[in-house]
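Thank you all for coming. I would like to take you through one protein chain, beginning with a single residue and working outwards from there, so please have the sequence and the structure open while I talk.

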Amino acid sequence: MGTRRPKVSAKDNTSKPAGKKKPRKREILRPNGKIPKMEGLELYKAKEEAEELVGARLAKVHQIGDLFFLRFFDPPGALVLDPSGKAFHRTELRPPAPPRPPSFCQLLRTLEGQPLLALEQAGFDRVLRLRFPEADLVLDLRPRSGNLFFFPKAGEPRALREGQFKPADFGPGDPLLGIGPELRKGLTAKLGRAPNEEELRSFAQELLSSPPKGFLWRKNGEPMATFFPRPDLGEPFKEFPTFWEALDWVREERIFRALAKVRIEELERELARKKRALEALAAAEKEAQAWLSLKEKADLILARLSDIPKGAAKAVIEGFDGKPVEIELDPSLPPALYAQTLYKRAQKLRRTAEEVPKRRSALLAEMEKISEEIRLFQERPDLAPYFAEEEEKEKREEPRPQPRSFHIGDFTVLVGRSAKENEEILRRASPNDIWLHARGVPGAHVLIKNGGRAVPEEVLLRAAELAAWFSKARGARKVEVSYTEARYLRKPKGSPAGMVTLLREKVLVVSGEEGP
């Protein structure tokens, strides 16, 4: 324990990440590059909001794409580190994590159980250090791609992606250096002209002394969060009491798009399989057209049995039109038996020819449905977390889906275990029934059948716990659960089974550790 911690400073850090790790070819959460990244003062204000987690112990680390979620307890809370999106902030998001954590995530998990000793920014530069007893995490938002470094007390440093950490001075800095092009635009719009250095310093001090709030705009079609009003961007479409809540909105939308992208890729692969099946069907239909000629050949063989020598591979016989015709035979079979095999083949091909139009129609309908779903996710990526993939095996006669039923007090609570059961819950819902779903993650629809009665708080909370348990957030200490009256649910046209949008929404936070 007496080993000296490797410092990350301009004076003494020359460490390079160990190994030659190849850059990843695909990062599903990489932003499109058009959105302004977090500037030095913005990082400072985000750090300011996260300071209350200093002293908390790290409970779990999740990696989704290039996003890292660090969850703490005592006190509870979470941080998100986004090297690609150039951001850091407190968070309440709980996106579904992959079943197998990437190798860098596993490395960070070695810090689980350790307290967060400090959050330190390199002056007002875009570099943040999270100090733990056994290692430092350094989030470097300066380079084009952004990076995350792991500096252990003992052992070689590691990095999320290739690149050497450029030294940064973690001492006091000049606030003026924390003002980037976007903050300058905000002040320029406020003054009506380009600011001078004195005005920039005054602006920086004003921002540092003001409590951060959250404002959301759209820029290049993407959400953009700031912690102070930006008259140059017009009116914000949403405001929050804190900066991190606005940043959460931006991260959440990125996660939605990532989930939608994964689902679209799955659907496009399925669509390609259907297209290949359609091509195979066309080939089968062409082959099936020979059924009539096979039948006619069998009829001719039986009609001219006496003219066909046994064991012959070919024979010239009189056709039905009176003209000689050469036919091929199977020398290993008697002509009568060979004719029967031709009849069987002809019958099979005839059935195929009759079934092809039905199968083609079904395939085209399935392809249109898949195409509609692709278009839906392209237009509404926010629906992706509410998609529950159905089982691939289909039964000819499936019984009507029966959601699981629970009794909480004198209320019946229904829980869907599949997309079809979720759809069945929507069918059974009365306008005043209470619908619940773990927010932002795939999971079960939960419905409190209230018969128009008021739902006691303890019933609502227990139903929310069931929604958390039957979701991808199961086992988490805190899970956000959306709830609303069923009258405020809408099913988008062409959407998959069990998918809905909410016209109104309230949110509860419950434990994801309370099973049925």
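Let me begin with Asp74, which counts as exposed because its relative accessibility is 60%, and the cut-off for that label is over 50%. Before going further I should say that this is a predicted model, and everything that follows should be heard with that in mind. Asp74 sits in the loop between strand 2 and strand 3, and its phi angle is near 60 degrees, a positive value in a residue that is not glycine. The next residue in that loop to look at is Pro75, which is placed between strand 2, residues 67-73, and strand 3, residues 77-82. The peptide bond that joins Asp74 and Pro75 is cis, with omega at about 0 degrees.

There is a second positive phi to show you, and here I would ask: is Lys86 buried or exposed? Lys86 counts as buried, because its relative accessibility is 5% and the limit for buried is under 20%. Lys86 belongs to the loop between strand 3 and strand 4, the latter being residues 87-90, and its phi is near 55 degrees, again a positive value in a residue other than glycine.

Let me now step back to the chain as a whole. Its secondary structure amounts to 9 helices and 22 strands, and of its 516 residues 48% count as buried. If we take the contacts between residues at least 6 apart in sequence, 64% of them join residues at least 24 apart. The chain exposes about 27,000 Å², and 50% of that area is supplied by carbon and sulfur atoms.

That brings me to the interior. In soluble globular proteins, nonpolar side chains tend to be buried together. Here the largest nonpolar core has 52 residues, and those with the most contacts inside it are Leu70, Phe72, Leu79, Leu81, Phe88, Leu130 and Phe132. Helix 4, residues 197-209, gives this core its largest share, namely 5 residues. Apart from that core lies another one, of 27 residues, which includes Val413, Leu436, Val446 and Ala463. To see one member of the 52-residue core in its surroundings, take Leu130: once its neighbours within four places in sequence are set aside, its contacts include Leu70, Leu79, Leu81, Leu116 and Leu137, and Asp136 is also one of them.

Two helices deserve a closer look, and I will take helix 1 before helix 8. Helix 1 is mostly covered, with 9 of its 11 residues buried, and the buried ones include charged side chains such as Glu42, Lys45, Lys47 and Glu49. Helix 1, residues 40-50, packs against helix 5, residues 243-288, at an angle of about 110 degrees, and their axes are 9 Å apart. Because angles from 65 to 115 degrees fall in that class, helix 1 is roughly perpendicular to helix 5. Helix 1 brings Glu42, Lys45, Ala46 and Glu49 to the contact, while helix 5 brings Phe243, Trp244 and Leu247. Sorted by type, the residues of this contact are 4 nonpolar and 3 charged, with no polar ones.

As for helix 8, 7 of its 10 residues are buried, so this helix is largely enclosed by the rest of the structure. What covers those buried residues? The cover includes strand 15, strand 16, strand 17, strand 18 and strand 20. Among the buried residues of helix 8 are Ala419, Glu421, Ile425 and Leu426. Glu421 itself has a relative accessible area of 10%, and, leaving aside its neighbours within four places in sequence, Glu421 is in contact with Pro401, Gln402, Pro403, Arg404, Val415 and Gly416.

I will finish with two pairs of residues that are separated in sequence. Arg439, in the loop between strand 17 and strand 18, counts as partly exposed at 24% relative accessibility; its C-alpha is 8.7 Å from that of Ala468, although 29 residues separate the two in sequence. Pro152, found in strand 8, is buried with a relative accessible area of 7%, and its C-alpha is 9.2 Å from that of Pro133, which is 19 residues away along the chain.

Conventions:
Residues numbered from 1 in each chain as written. Predicted model: local features only at pLDDT ≥ 70, side-chain atom pairs only at ≥ 80, totals over all residues. Heavy atoms only, no water. Axes fitted to C-alpha atoms, helices over the stretch in contact; angles between N-to-C directions. Helix = DSSP H or I, 4+ residues; strand = E, 2+ residues; numbered from the N terminus. Parallel < 35°, antiparallel > 145°, perpendicular 65-115°, else oblique. Contact = heavy atoms within 4.5 Å. Core = buried A, V, L, I, M, F, W, Y, C linked by side-chain atoms within 4.5 Å. Buried < 20%, exposed > 50% of the residue type's maximum accessible area, 1.4 Å probe, protein only. Areas by Shrake-Rupley, 256 points an atom, 1.4 Å probe, with all protein chains shown as cover.
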